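Here are some short exercises, each with a worked solution. Have the sequence and the model open beside you, and try each task before reading on.

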Amino acid sequence: MPQVRASDPPVGALAADRPAGLPGLEDRYGRVATDMRLSLTDKCNLRCSYCMPAEGLPWLAKDALLSAEEIVRVVGIGVHLLGVRELRLTGGEPLVRADLVDIVAALRAEHPDLPIALTTNAVGLDARAAALKSAGLTRINVSLDTLHPETFARLARRPFFDRVLAGIEAADAAGLGPIKINSVLMRGINDADGPDLLAWCLERGYELRFIEQMPLDADHGWTRDGMVTAAEVRELLSERFHLSPDARDRDGAPAERFEVRGKDDGALLGTVGIIASVTEPFCADCKRTRITAEGKVMSCLFSHEEVDLRGLLRSEASDEQVARRWQEAMWLKPRAHGMDHTGLGADGFVQPDRSMSAIGG
Ligand SMILES: Nc1nc2c(ncn2[C@@H]2O[C@H](COP(=O)(O)OP(=O)(O)OP(=O)(O)O)[C@@H](O)[C@H]2O)c(=O)[nH]1
Ligand SMILES: C[S@@+](CC[C@H](N)C(=O)[O-])C[C@H]1O[C@@H](n2cnc3c(N)ncnc32)[C@H](O)[C@@H]1O
Ligand code: SF4
Ligand code: SF4
């Protein structure tokens, strides 16, 4: 079993300028992370072109992944020692993990009041939604970029559209709402589908969020011009709906929410979110801390530094020592987009080596 590497600095030596006595996951820019995102696996059964290459990636070996016990321990450290207040399980595709329901049940047993959410592509969710609900999962976000099976197959490089719909319906029936749907619009491929997707979600009471594509694709094919911007999404939706800013406090959430009304009668139909990571970044209010599937802290989605916790978890280290190392990692969190300034895709931005699937989106 891997132990702490000789090259790892001793706990306490990574962030010498971090003031003693700070209780949680503070960083140098005054932010405090309370929202934990934990990747359960780097594997996936889809190959969305904005995330994975067609041929997949070299997957981590099973014993490289945090085990269910290690996951429960690390979440416990986050919640009990570091002020984590909400948890999101993600990947890769978390449903690929055979022990997902057991992991959720074990987390729920330890943390009766912790909001535990799942981000998933929903392939296979129909068979597991009820069990996930019984195990204590709070809610679910599902990625769905189009309502056309052919476009789905082109974007995700797998013909699983019907399985995704079945998964969403099962999650809804199991009471895993409020269901949020995440859509990345790609120019010339599915951008015209935006208004139909919104109408479909509004009819079913799902909250749709459009996400600006970020340079986190394994193919490194992202270009700023190719990306569909938040402004373009608003314009596209305004052809069919009336959007007005939602007055609720955003509270560090990536999605800017809009109330959606019918153009004819002005009736309130629901809300839509737009996650404008590139053109309208929200890093100043970021509350996130990420742990990759192999137990590394990534303080920012775009971090170039990763700080290993797995070695400590597999050594004789105490929970307090693991917590201290996590705090050090977060103290070093960059201001934005892995840099000391915002500017995704511009101004010295260097795309991380890992793709979104391998980081844990
Ligand atoms: N810039 C940035 N974008 C992120 C980050 N985390 C997630 N996103 C983007 O936000 C999208 C939605 O993420 P979700 O996993 O659904 O989570 P969420 O929007 O935080 O979740 P809710 O609490 O349900 O609103 C992802 O697909 C990413 O594109 C982050 O840390 N930084
Ligand atoms: C990496 S996936 C992991 C969870 C699950 N497989 C899924 O697709 O929901 C999480 C989210 O990241 C988003 N995502 C992936 N690559 C992205 C990119 N390059 N830019 C923006 N969002 C991306 C997906 O749309 C999805 O909503
Ligand atoms: S976005 Fe999610 S479903 Fe699509 S390839 Fe990436 S990890 Fe898989
Ligand atoms: S890019 Fe980094 S700093 Fe900005 S919101 Fe995402 S994780 Fe937070």
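## Exercise 1: Y206 and its surroundings

Y206 touches I179, K180, I181 and C201, not counting residues up to four places away in sequence; two residues are in contact if their C-beta atoms, placed from the backbone, lie within 7 Å. Before going on, a word on conventions: this is a predicted model, in which local features need pLDDT of at least 70 and side-chain atom pairs count only at pLDDT 80 or more, while totals for chains, interfaces and linings use all residues. Residues are numbered from 1 along each chain as its sequence is written, and chains are lettered from A and ligands numbered from 1 in the order in which they are written.

**Task.** Find where Y206 is located, and decide whether Y206 is buried or exposed.

**Solution.**
- Step 1: place the residue. Y206 is in the loop between helix 6 (194–204) and strand 8 (207–211). Helices (H or I, at least four residues) and strands (E, at least two) are DSSP runs, numbered from the N terminus.
- Step 2: recall the cut-offs. A residue is buried if 20 or more other C-beta atoms lie within 10 Å of its own, exposed if 12 or fewer, and partly exposed in between, with C-beta atoms placed from the backbone.
- Step 3: apply them. Y206 has 23 other C-beta atoms within 10 Å, so Y206 is buried.
- Step 4: look along the chain. D172 is 34 residues away from Y206 in sequence, and their C-alpha atoms are separated by 9.1 Å.

## Exercise 2: Three arginines

**Task.** UniProt lists R37, R88, T119, K180, R288, T289 and R290 for "binding site" (unreviewed entry). Work out what R37, one of these residues, touches, then look at R288 and R290.

**Solution.**
- Step 1: read the record with care. UniProt positions are given in the numbering used here, feature names are shortened, and annotations may be inferred rather than shown by experiment.
- Step 2: start with R37. R37 lies in strand 3 and is buried because 22 other C-beta atoms are within 10 Å. Beyond four places in sequence, its contacts are R88, T90, R288, R290 and G360.
- Step 3: move to R288. This residue belongs to strand 12 (residues 288–291) and is buried, with 21 other C-beta atoms within 10 Å. Again setting aside residues up to four places away, R288 touches A33, D35 and R37.
- Step 4: finish with R290. R290 also lies in strand 12, and its 24 C-beta neighbours inside 10 Å make R290 buried. Outside the four-place window, R290 touches R37, M298, L301, I359 and G360.
- Step 5: link back to Exercise 1. From C-alpha to C-alpha, R290 and Y206 are 26 Å apart, with their positions 84 residues apart in sequence.

## Exercise 3: Cysteines and ligands

**Task.** UniProt places another "binding site" feature (unreviewed entry) at C44, C48 and C51. Which residues are closest to ligand 3, and which come nearest to ligand 2?

**Solution.**
- Step 1: examine C44. C44 sits in the loop between strand 3 (35–39) and helix 1 (68–82), and counts as buried because 24 C-beta neighbours lie inside 10 Å.
- Step 2: examine C48. C48 is found in the loop between strand 3 and helix 1 and is buried, with 20 other C-beta atoms within 10 Å. C48 touches L155 and A156, leaving out residues up to four places away in sequence.
- Step 3: turn to ligand 3. A residue is near a molecule if its C-beta atom, placed from the backbone, lies within 6 Å of it. Ligand 3 is surrounded by 13 residues, the closest being C44, C48, C51, N121 and S357.
- Step 4: turn to ligand 2. Of the 20 residues around ligand 2, C51, S143, N182, M356 and G361 come nearest. Strand 5 (116–120), strand 7 (180–184) and helix 10 (356–359) each supply at least two residues of this shell.
- Step 5: add ligand 4. Its surroundings are F282, C283, C286, R288, C300, L301, F302, A336 and H337, and R288 is one of the residues from Exercise 2.
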